[in-house]
Amino acid sequence: MPSALRAALLDWYDAHGRTLAWRASPGSQAPDPYRVWLSEVMLQQTTTPHATPYFQAFTTRWPTVTDLAAAEDADVMAAWAGLGYYARARNLLACARAVANAHGGVFPDTEAGLLALPGVGAYTAAAVAAIAFDRPANVVDGNVERVMARLFAVETPLPAAKPELKRLAATLVAADRPGDWPQALMDLGATVCRPGKPLCEACPLTAWCAGYASGHPERWPLKTKKAERPHRAGVAWVLRDDRGRVGLVRRPDKGLLGGMLSLPTSDWSVTPSDATPPVAADWREAGAIEHVFTHFSLTLTVRVAEGSGDFLWTDPEAALAALPTVFRKALERGLA
């Protein structure tokens, strides 16, 4: 089965593979490891349409890993704003500097060498080894998990099924076109073997797919019911000076949104009536915003005032461009 199945999928990929900003087309020049690595870091927890303009902006501003390694932390964090999971941006810089300083600006070309870089986990190491260096590697993301779950009708629900799905995916890895293989699987999952309503009539793997044979491929992957997401609340303060600039602060390096620019906020565990503002001023209510993080939802009451103080005073347009999404929402509410 594996050789015929692989041939069918790779033929499909040659005809239907996506054109992506970071991808070298099949048979063209070798992929740039920097672009492959950068795209894989950006795509963690982020959709392709959302990541693409960030990727294009990063590679225009920092076209090589050495350029990125030389960038100021604050500039990279600001450019990352809106991509979420901000620890990734700090790891991105740490990895770029390790490649520049310890490897002469050249990425290691093996899975083990990549895994030794700071901030590079098992998935990213496998993806870069396969896609950038044509090494046989087992690259398993959410799309690949879904394809495996349906192909083999795996009855264990996610997330407990992850080891089994990874093991099954490994049975299909081979030395033939190892860089194209994971991209073909990912493209199949993204465009054909989709969540909810798979387009089985367009799939090259139906002859081998147990999910398709069942008549109900959408049943897979099975999932464990998620626990209810906890809720938190706090206050965000929008303070403007006599020139109309907005007072910002920088969050501590450790913790959620670490190192990012921010509006002054209370702890996210207080009721608005208990929140102490950053400076004395005539604070006025401006409504509230809602935001959902991975592990909790958040309501921020927004208060606005005019005043002065020890802040990072920033023009509103520049602030909106630099702030993470949750604070951008609060600032938009305050400016309105």
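**Notes on a predicted model: T271, an aromatic cluster and two helices**

1. Let's start with T271, which is partly exposed, with a relative accessible area of 41%. This is a predicted model, and in it T271 belongs to the loop between β3 and β4. The T271 side chain makes a polar contact with the side chain of D274, at 2.8 Å. T271 and T301 are 30 residues apart along the chain, and their C-alpha atoms are separated by 9.3 Å.

2. The loop between β3 and β4 also holds W268, so have a look at the rings next. The structure contains 11 aromatic pairs. One of them joins W268 and F296 in a tilted arrangement, with 6.3 Å centre to centre and 55° between the planes. Because F296 sits in the loop between β4 and β5, this pair ties together parts that are 28 residues apart in sequence. W268 counts as buried, at 10% relative accessibility, and F296 is buried with a relative accessible area of 6%.

3. F296 has another ring partner in F293: the centres are 4.9 Å apart and the planes at 35°, so this pair is tilted. F293 is buried, as is F296. Ring pairs link W268, F293, F296 and F327 into a cluster.

4. You may like the charges here too. The charged end of R232 sits over the ring of F296, 4.0 Å from its centre. Elsewhere, the charged end of R6 sits over the ring of W181, 4.5 Å from the ring centre.

5. R232 also turns up around S297, a residue of strand β5. S297 counts as buried, at 16% relative accessibility. Apart from neighbours within four places in sequence, S297 is in contact with R229, P230, H231, R232, H291 and V292.

6. F327, from the ring cluster, brings us to helix α14 (residues 325-335), where the buried residues are V326, F327, A330, L331 and G334. Viewed down the axis of α14, these buried residues fall within an arc of 130°, so they line one face of the helix. Their cover includes β1, β2, β3, β4, β5 and α13.

7. Helix α8 (residues 122-133) is a nice check on geometry: at 1.5 Å a residue, its 12 residues should span 16 Å, and the end C-alpha atoms are 16 Å apart, which agrees. α8 is mostly covered, with nine of its 12 residues buried; among them are T124, V128 and I131. The buried residues of α8 pack against α2, α7 and α11. Just after α8, D134 takes a positive phi of about 60°.

Note on methods. Residues are numbered from 1 along each chain as its sequence is written. This is a predicted model: local features need pLDDT of at least 70, side-chain atom pairs count only at pLDDT 80 or more; totals for chains, interfaces and linings use all residues. Side-chain values use heavy atoms; hydrogens and water are left out. Helices (H or I, at least four residues) and strands (E, at least two) are DSSP runs, numbered from the N terminus. The expected span of a helix is 1.5 Å times one less than its number of residues. Buried means under 20% relative accessible area, exposed over 50%, partly exposed in between (1.4 Å probe, protein chains only). Contact means heavy atoms within 4.5 Å. The arc is that of the directions from the helix axis to the C-beta atoms. A polar contact is a pair of N or O atoms within 3.5 Å; within protein, one must be able to donate a hydrogen and the other to accept it, and residues adjacent in sequence count only if both atoms are side-chain atoms. Rings of Phe, Tyr and Trp (its six-membered ring) pair if their centres lie within 6.5 Å; planes under 30 degrees apart count as stacked, over 60 as edge-to-face and the rest as tilted. A charge sits over a ring if NZ of Lys or CZ of Arg is within 6 Å of the ring centre and within 35 degrees of the ring normal.
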